[in-house]
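Biologist: I would like to learn how to read a structure like this one, going from the whole chain down to single residues. Could we take it feature by feature?

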Amino acid sequence: MLTKNTQMNRDQLEMITLEQLVPVNHLVRKVEAAIDFSFIYPLVQEMYSAERGRPSIDPVVLIKMAFIQYMFGIRSMRKTIEEIETNLAYRWFLGYGFHDKVPHFSTFGKNYERRFKDTDLFEQIFYRILKQATENKLVSSEHVFIDSTHVKASANKRKFEKKVVRKETKAYQERLQEEINGDREEHGKKPFPPDKFEKEETKEIKESTTDPESGYYVKDERTKQFAYSFHTAADKNGFVLGTIVTPGNVHDSTMLEPLLEKVIENSGKPAAVAADAGYKTPAIAQYLIENEIRPALPYTRPRTKEGYLKKNDFVYDEHYDCYLCPGGQELKYSTTTKEGYRQYFSNPVQCKECPFLSQCTQSKNHQKLIQRHVWEEYLEEAEHLRHTDENKIIYARRKETIERVFADAKEKHGMRWTTLRGLKKLSMQAMLTFAAMNLKKMANWTWVNPKMA
């Protein structure tokens, strides 16, 4: 039966409190019960004058406003303020009544520029929430899952300038240089002088005229854009343990060491680290194994042309430090390059008559070259561990942990693109987004329904 509502109760007057109108199981109630936000006051105390100036907006209210934006995936602070004005649950969370005036949307931005911009406030807030989750025994840093995701920059991909810039020094460069010179001395060759390594290398990049701190990212023919990379580590329960923001053209593998060092400093050393194929490099394998951390890395296909012999068709003899080819020839050591690769060459006279020549090399002088990194043995050990049941179980959890973190961040917390510009502001976004996700998870897991208690 069709029913029409003939009652209009818009002007109905009742005596009621805000407390009565917020549902018992609303997320803001769970968050309020999970953590005491008064920890923010000591963090910002030195950013405010004790004697001069007008009374400020409560800094806890400012930070809570930001948490509302990132927890509920609201696209901007302007829209967040509009929501707070009409959403009773948000007012309750901020401690505001029905008629309390909500701060202007520019208030947070002005406070950021004047007080928070050059501080580590948001990082401290992130780690304080993570500490609370750890104390509640919700975080497990035994297995750490590392990956990165690209966040589209607020920049037109067609507005750029081409610039020649210096290549960044890798975190492990000094360690690698020592290894290279040690290897050369073992083979009776002179070590490279320091200026050989310190020679400045340059590259040409596209720099956005809108947001110069973003990086031009190319994934395929369709995906070309200016972006930022959020390099992130998570535990097996999906709690984010740390994050570093870089321009989108910084390779994932260069950020594993600094990111893992942050995790070790704040959560302790993990027993194993799982990462995708982008992190399967000799430097990463060496770093993890030398630090007694189990690498859980995937299978990668050989990068050899179809129809040609693969590198693993050549057997490395560790005792004699040479390679043996399928034709029975010995490829002898020649030199170690400044990039860290030992070079092994075949005898072109023997190769010329070899039945495998057409499958082996296209070299005009019929000489085969195989390169072996000075840390190749660590990569081989990581490959051996890949076949163990333990590694298979650990690596399989990637899709349930770090990949799910990124999926939730983009679908539910507004991290697919950004309206902010500059590394500092993007670092703030990353810290607040992941802090909000950790807080949301902790709040849901520790919540006790008053009706059920």
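Biologist: What radius of gyration does the protein chain have, and what would a compact globule of 453 residues have?

Modeller: Please keep in mind throughout that this is a predicted model. The protein chain has a radius of gyration of 28 Å, whereas a compact globule of 453 residues would have one near 22 Å. The box filled by the C-alpha atoms, taken along the principal axes, is roughly 100 × 50 × 50 Å.

Biologist: How many helices and strands are there in the protein chain, and what share of its residues counts as buried?

Modeller: The protein chain contains 18 helices and 13 strands, and 44% of its 453 residues count as buried. When contacts with a separation of 6 or more are considered, 68% of them are accounted for by residues 24 or more positions apart. On the outside, the protein chain exposes about 26,100 Å², of which carbon and sulfur atoms supply 47%.

Biologist: How far apart are the mean positions of the positive and negative charges?

Modeller: There are 71 positive and 64 negative charges in the protein chain, and their mean positions are 7 Å apart.

Biologist: How should I read the nonpolar interior, and which residues of the largest nonpolar core touch the most other members?

Modeller: In soluble globular proteins, nonpolar side chains tend to be buried together. Here the largest nonpolar core has 110 residues, and F37, F67 and F434 are the ones that touch the most other members. Helix α18, residues 423-446, gives this core its largest share, twelve residues. A second, separate core has nine residues, among them L309, F314, Y344 and C360. Returning to F67, and leaving aside its neighbours within four places in sequence, we find F67 in contact with F37, F72, I125, I129, L432, A435, A436 and L439.

Biologist: Which residues of helix α15 are buried, and what covers them?

Modeller: An α-helix has 3.6 residues a turn, so residues three or four places apart point the same way. In helix α15, residues 376-386, the buried residues are E376, Y378, L379, A382, L385 and R386. Their cover includes α12 (282-290), β8 (294-296), β13 (369-373) and α16 (389-396).

Biologist: Where is Q69 placed, and why does Q69 count as buried or exposed?

Modeller: Q69 lies in helix α4, which runs over residues 59-71. Q69 counts as buried because its relative accessible area is 9%, and the cut-off for buried is under 20%. Beyond its neighbours within four places in sequence, Q69 is in contact with I74, R75, S76, M77 and T80.

Biologist: What can be said of I74, where is it placed, and which residues is it in contact with?

Modeller: I74 sits in the loop between α4 and α5 (77-86), and I74 is buried, with a relative accessible area of 13%. Its contacts, again without neighbours within four places in sequence, are I68, Q69, K79, T80, E83 and Y90. I74 and K412 are 338 residues apart along the chain, yet their C-alpha atoms are separated by 9.1 Å.

Biologist: How far apart in space are T86 and G414?

Modeller: T86 and G414, 328 residues apart in sequence, are 21 Å apart in space, C-alpha to C-alpha. T86 is placed in helix α5, and T86 counts as exposed because its relative accessibility is 65%.

Biologist: And over a shorter stretch of sequence, how far apart in space are T335 and F345?

Modeller: T335 and F345, ten residues apart in sequence, are 9.7 Å apart from C-alpha to C-alpha. T335 belongs to strand β11, residues 330-336, and T335 touches R184, K189, Y341, R342 and Q343, if residues up to four places away in sequence are not counted.

Biologist: To finish with the backbone, what phi does K137 have, and what phi does E292 have?

Modeller: K137 has a positive phi of about 60° although it is not a glycine, and E292, which is not a glycine either, also has a positive phi of about 60°. K137 is found in the loop between α8 (121-135) and β1 (143-152), while E292 is placed in the loop between α12 and β8. K137 counts as exposed at 74% relative accessibility, and E292 is exposed with a relative accessible area of 66%.

Conventions. Residues are numbered from 1 along each chain as its sequence is written. This is a predicted model: local features need pLDDT of at least 70, side-chain atom pairs count only at pLDDT 80 or more; totals for chains, interfaces and linings use all residues. Side-chain values use heavy atoms; hydrogens and water are left out. Helices (H or I, at least four residues) and strands (E, at least two) are DSSP runs, numbered from the N terminus. Buried means under 20% relative accessible area, exposed over 50%, partly exposed in between (1.4 Å probe, protein chains only). Contact means heavy atoms within 4.5 Å. The radius of gyration is taken over C-alpha atoms; the globule rule is 2.2 Å times the number of residues to the power 0.38. Accessible areas come from the Shrake-Rupley method with a 1.4 Å probe; for residues, only the protein chains shown count as cover. Lys and Arg count as positive and Asp and Glu as negative; His and the chain ends are not counted. The place of a charge is taken as NZ of Lys, CZ of Arg, CG of Asp or CD of Glu. A nonpolar core is a set of buried Ala, Val, Leu, Ile, Met, Phe, Trp, Tyr and Cys residues joined through side-chain atoms within 4.5 Å.
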